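The exercises below treat the pairing of strands and the surroundings of one residue, and each is followed by a worked solution. Please look through the sequence and the model before reading on.

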Amino acid sequence: LPNNPAPPLQTPTASACALSATTGTSGVSDTQEDYILSPMVGTFYRAPAPGANPYVNPGDTIRKGQTIGIVEAMKIMNEIEAECDCKILSVEVEDATAVEYGTQLVKIQKL
């Protein structure tokens, strides 16, 4: 029995490594476009409250750690932060939209 679960676990790991390698090789370009992804399933909000200004808009330049939006999961508001200094190219998800793990929230250009 211990050998049966191992192969299915190795396959996703190998796929993830392949995806990482592909992303890494395309990272050589200075104009590469990346995305900030949702770290969880929930509802994405662009602003801290209804009617408030969005955290980020296309064209904004933001710093690492700056909040780009909120994902609400089980009544808990989780701030999503930029992982690097970047320029916002576009917001890929409408306000109050359900998102999955890995959903592309914001298209960015790393600085």
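**Exercise 1.** Determine which residue of β5 stands opposite G69, and place the pair in its sheet.

*Solution.* G69 stands opposite I80 in β5. The model is a predicted one, in which local features need pLDDT of at least 70 and side-chain atom pairs count only at pLDDT 80 or more, while totals for chains, interfaces and linings use all residues. Residues are numbered from 1 along each chain as its sequence is written, and side-chain values use heavy atoms, with hydrogens and water left out.

Next, consider the strands themselves (DSSP runs of E, at least two residues, numbered from the N terminus): β4, residues 67-73, pairs with β5 in the antiparallel sense over six bridges, where pairing requires that DSSP finds at least two bridges between two strands.

Finally, the open sheet has four strands in the order β5-β4-β2-β7, with antiparallel pairing. Because β5 (76-81) and β7 (97-99) each have a single partner strand, they stand at the edges, and one side of each is left without a neighbour in the sheet.

**Exercise 2.** Is D34 buried or exposed, and which residues does D34 touch?

*Solution.* Begin with the location of D34, which lies in strand β1 (residues 33-37). D34 has 12% relative accessibility and therefore counts as buried, a class defined as under 20% relative accessible area with a 1.4 Å probe, protein chains only. Leaving aside residues up to four places away in sequence, D34 touches V106, K107, I108 and K110, a contact meaning heavy atoms within 4.5 Å.

Definitions and conventions:
Buried < 20%, exposed > 50% of the residue type's maximum accessible area, 1.4 Å probe, protein only.
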